[in-house]
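Reader: Hey, I've just opened this one and I'm new to it. Could you walk me through a few parts?

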Amino acid sequence: MNPDLTRWLLTASERDNPHTRLDDAHPGEQAWSTGNLVRPLVDGATYFAELHDVLEATTEGDLVMFAGWRIDGDQQLTDDPSSALLAVLDRAENRRVHVRVLVWRSHTEQLDFSAEKNREVAEELADEDDEHAEVLLDMRVRRGGSHHQKFVVVRHRDDPSRDIAFVGGIDVAHSRRDDSDHHGDPQRQTLADEYGPSPGWHDVHCAITGPAVGDVETVFRERWEDPDPLTPAWHSRLRDRLSRVKHEATPLPPTRPAPEPVEGGTHVVQLLRTYPHRHFGRAYPFAPRGERSIARGHLKAIAQARDLIYVEEQYLWSSSVTSALADALRSNPSLHLISVLPHRPDLMGTAELLQLEGRFEAIAQLTEAAPDRFAAYGIENHAGWPVYVHAKVFVIDDWYATIGSDNVNRRSWTHDSELAALVLDEAATDHSPFARSLRLRLAAEHLDRPLCGPEHEVAMADCVSASGMFDAYATAATSLQEWRDGGMLGRRPAGRLRRVHEPDIGRALRRVLEVPQRLLGDPDGRPSALRRRHSY
């Protein structure tokens, strides 16, 4: 393999989790698969439509494995009311498709979480008399943590060439079915007032075919087969027994061989994960000391960055994490960093203040490191409403590209369960075409340029270089801000980018919020020895 590819990957030793089965199918120190085809699915409407078609095409004996942080059973996958998720899964179940769902049990709805919504799906889909569908409400997490992974695997009994996995940041839930115009999902979730009556939602997922589908399936099986009780809370276990919710897993169908390499598939796929270190005999059997391969992969890539780090990100909280980005900017005078973030947190109140405290510190740190080579932007739709950025994408030097559930903070790197697909492309020798095309596709959306075809390639030529991309974003954001400041007279300039300027909530309030943010918003799930060494 091209050394320019392998230097961006983690070996099995670098993953540092000998208890996982994830790399058993790979020879020696190899911790990745080759011969795959990965397609980015930008924004939820794109992902949901493809997921709908795949699920509706399943037949008897096929296996659907579904993992999520939140799930809304009435969420439509298309404009057709019959495409509601529960209806689609119920039809699959009636065709004798094996449907297995792992969804986070969640904290209480009073804290703006989704415990009751997730339970509704478990109660409605599960049926004691049907062996083909099973939903587990999974609270096997570190205290205050969550299962944040969002992925689906579909294995076909009679045609493994159709096997597919979907991995990324999109839950099948309200507000996510938005397209690149960002006028919002008709089934909306309440967000902060700043996002308007129909909040736009920008997100990224990917579709994987090839041997890596077997790796994603292993991630699901390891969690499903964990013998630990689904929840430590006795009242939750009692409620499960009094309802139709399963309180323990039944065996999955036997594992099939991983799919064969895709003809013409040039994508190398490595799965990166986070699992916390859990105490008191509750350790994961597949990660007794946790796993931090997301942190290790990102840090290894950041240390090699020389031209451009491009991040689309829901949260940018932890100065302890962003310090690596700041060090890279200081060490490499030609390195640029662009981050696309939400303009404001999604919720009002204490949660918003905690996020603002964390983001203020992180952005200040990066700005101090390279004021002329770091920029943070939010996006808006053409009606002028801010769009909520929920994507979790890293692209570094047009080689390293990840799409996953992980955010740039200590919680995602150490504490919650996360899954990301690192994709490298063997189709070129001087860059990864997958990474570059992903970056330019996202940039085209934000700059109001053609999203695909020959017109896209011509229109994005100025953004191929790091400095060109940095300047194009800056120019578009400046033009839009000047138009707004000038009373929005004349034609609206092209582009949807505006600079993110964190409101300074005041030094005294930041000091008050610092400890709650570290303990509640951004906790540390590492073993104590790694904490002491400031290592992952």
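Author: Sure, we'll go through some helices, a pair of strands and a few single residues. Keep in mind that this is a predicted model.

Reader: Let's start with helix 3. Which residues of helix 3 are buried?

Author: Helix 3 covers residues 44-56. Its buried residues are Gly44, Tyr47, Phe48, Glu50, Leu51, His52, Val54 and Leu55.

Reader: And what do those buried residues pack against?

Author: Quite a list: strand 1 (33-42), strand 2 (63-68), helix 4, strand 5 (151-155), strand 6 (164-168) and strand 8 (204-209).

Reader: Glu50 was in there. Which residues is glutamate 50 in contact with?

Author: If you skip its neighbours within four places in sequence, glutamate 50 touches Arg39, Leu41, Ile164, Phe166 and Ala207. Its relative accessible area is 19%, and the cut-off for buried is under 20%, so glutamate 50 counts as buried.

Reader: OK, and helix 4? At what angle do helix 3 and helix 4 cross?

Author: Roughly 20 degrees, and their axes come within 9 Å. Angles under 35 degrees count as roughly parallel, so that is the description for helix 3 and helix 4. The crossing is left-handed.

Reader: Which residues meet there?

Author: From helix 3 you have His52, Leu55 and Glu56, and from helix 4 (residues 85-94) there are Val88, Leu89 and Arg91.

Reader: Are there other helix pairs to look at? What about helix 12 and helix 14, how far apart are their axes?

Author: Their axes are 11 Å apart, and the packing angle is about 15 degrees. Helix 12 and helix 14 are therefore roughly parallel as well, with a left-handed crossing. Helix 12 brings Arg439, Leu442, Ala443, His446 and Leu447 to the contact, while helix 14 brings Met469, Ala472, Tyr473 and Ala476.

Reader: Switching to strands. Is strand 4 enclosed or open?

Author: Six of the six residues of strand 4 (residues 133-138) are buried, so the rest of the structure largely encloses it.

Reader: Which way do its residues point?

Author: Ala133, Val135 and Leu137 point one way, and Glu134, Leu136 and Asp138 point the other way. In a regular strand the side chains alternate between the two faces of the sheet.

Reader: And how many bridges join strand 3 to strand 4?

Author: Six, and the two strands run parallel. To pick out one pairing, valine 103 has leucine 137 as its bridge partner in strand 4.

Reader: Back to helices for a sec. How many residues of helix 6 are buried?

Author: 13 of the 13, so helix 6 is largely enclosed by the rest of the structure. Helix 6 (residues 212-224) reaches 19 Å from its first C-alpha to its last, which is close to the 18 Å expected.

Reader: Last topic: backbone oddities. What is the phi of aspartate 397?

Author: It's positive, about 55 degrees, although aspartate 397 is not a glycine. You'll find aspartate 397 in the loop between strand 15 (392-396) and strand 16 (400-404). Aspartate 397 is buried, with a relative accessible area of 14%.

Reader: And where is methionine 488?

Author: Methionine 488 is in the loop between helix 14 and strand 18 (497-499). Its phi is positive too, at about 55 degrees, and it is not a glycine. Methionine 488 is partly exposed, with a relative accessible area of 47%.

Note on methods. Residues are numbered from 1 along each chain as its sequence is written. This is a predicted model: local features need pLDDT of at least 70, side-chain atom pairs count only at pLDDT 80 or more; totals for chains, interfaces and linings use all residues. Side-chain values use heavy atoms; hydrogens and water are left out. Buried means under 20% relative accessible area, exposed over 50%, partly exposed in between (1.4 Å probe, protein chains only). Helices (H or I, at least four residues) and strands (E, at least two) are DSSP runs, numbered from the N terminus. Two strands pair if DSSP finds at least two bridges between them. The expected span of a helix is 1.5 Å times one less than its number of residues. Axes are lines fitted to C-alpha atoms, for helices over the stretch in contact, and angles run from 0 to 180 degrees between N-to-C directions. Angles under 35 degrees count as roughly parallel, over 145 as roughly antiparallel, 65 to 115 as roughly perpendicular and the rest as oblique. A crossing is left-handed if the near helix is turned anticlockwise from the far one by less than a right angle, and right-handed if clockwise. Contact means heavy atoms within 4.5 Å.
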